[in-house]
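Open the model in your viewer and keep the sequence panel in sight. We will go from stop to stop, selecting as we go.

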Amino acid sequence: MARIKPQALLIQSKKKKGSTRISVTTILFCSLIVLLILLSLITTYKHWSQRSRGQTRTGLSNFENVDEIADSKKYDLPGYAVLNTSKGNITIELFKDGSPEIVDKFLDLCQKGHFKGMPFHHVIKNYVILGGHSQDSGGIEVWTSKRKFHRQLPTSPKHEAFMLGTTKIKEDSKAFQLFITTAPIPDSNDKLYMFGRVIKGVDVVQEIEEVDTDTHYRPKSPVGIINVILQQVI
């Protein structure tokens, strides 16, 4: 068997080692691919992060817009009501902030014409004028008893004279009756709702108060509300 010379073995060893080397071009190419992948991941993260923040801001903005719309609707509601009565006009300032639910109900009934032709069915001098489509006199005893003891009970500022109010509201719109106080009224059971005050037409209220009544406090001649005019300003 022929022997391989040492020089030939050295040449073969160098050839084998050279075949396993990775070229510089390959290394640069792989590094570039890794860099592109990293840049792509960073860009994607930034995109979704900004989108998430934008959606959060939009959600908050929508809630703010809803609140602003609700507030604007509240303040767009008429703030005054003019009761055109058979004795003259009575201008009422409505308590939109103090009694919003009652005012909303009142405005809705005004638009439906509920108060057109509503009579003042009971007049208790130096106390209250009651109006409503139902002329049941059963509740008049409550008012007269209140009058009897009103000097003994503490009064609240919301129950001062020349205030517009109603009693506890029922689902039936016909049960929504009005009253105008002509003297401070106590309310020990909190069953009275004051939602406005007379700012013009006090003399008309006093004229209605002076009509002749029978022994049951019912006016002998008809007196009542012809219609109601809603106004934003006066």
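**Stop one: a loop and its phenylalanine**

Select Phe162, which counts as buried because its relative accessibility is 19% and the cut-off for buried is under 20%. Bear in mind that this is a predicted model. Phe162 sits in the loop between helix H4 (140-149) and E5. Now check the backbone. Phi of Phe162 is positive, about 65°, although the residue is not a glycine. Most residues other than glycine have a negative phi.

**Stop two: strand E5**

Move on to strand E5, residues 163-167. Is this strand largely enclosed or largely open? Four of its five residues are buried, so E5 is largely enclosed by the rest of the structure.

Next, show its partners. Which strand is joined to E5 by five bridges? Select strand E7, residues 192-200. E5 and E7 run antiparallel. To find your place in this pairing, pick Thr167 and look across to Leu192 in E7.

Then add strand E6, residues 178-181. E6 also pairs with E5 in the antiparallel sense, here over two bridges. Use Leu164 as the marker: Ile180 in E6 stands opposite.

**Stop three: a second positive phi**

Select Tyr217, in the loop between helix H5 (202-209) and strand E8 (225-231). Its phi is near 70°, again positive in a residue other than glycine. Buried or partly exposed? At 26% relative accessibility, Tyr217 counts as partly exposed, because that class runs from 20% to 50%.

**Stop four: a nonpolar patch**

Switch to a surface view and select Phe29, Ile33, Val34, Ile37, Leu38 and Leu41. Together they make a nonpolar surface patch of about 580 Å². Start with Phe29, which belongs to helix H2, residues 24-76. With a relative accessibility of 53%, Phe29 counts as exposed, because the cut-off is over 50%.

**Stop five: two cysteines**

Finish with Cys30 and Cys110. Cys30 is partly exposed, at 42% relative accessibility. Cys110 is buried, at 12%. How many disulfides does a search of the whole structure find? The count is zero. For a pair to qualify, the two cysteine sulfur atoms must lie within 2.5 Å.

Note on methods
Residues are numbered from 1 along each chain as its sequence is written. This is a predicted model: local features need pLDDT of at least 70, side-chain atom pairs count only at pLDDT 80 or more; totals for chains, interfaces and linings use all residues. Side-chain values use heavy atoms; hydrogens and water are left out. Buried means under 20% relative accessible area, exposed over 50%, partly exposed in between (1.4 Å probe, protein chains only). Two strands pair if DSSP finds at least two bridges between them. Patches are made of residues with over 30% relative accessible area and no salt bridge: like charges are joined within 9 Å, nonpolar side chains (Val, Leu, Ile, Met, Phe, Trp, Tyr) within 5 Å. Accessible areas come from the Shrake-Rupley method with a 1.4 Å probe; for residues, only the protein chains shown count as cover. A salt bridge is a side-chain nitrogen of Lys or Arg within 4 Å of a carboxyl oxygen of Asp or Glu.
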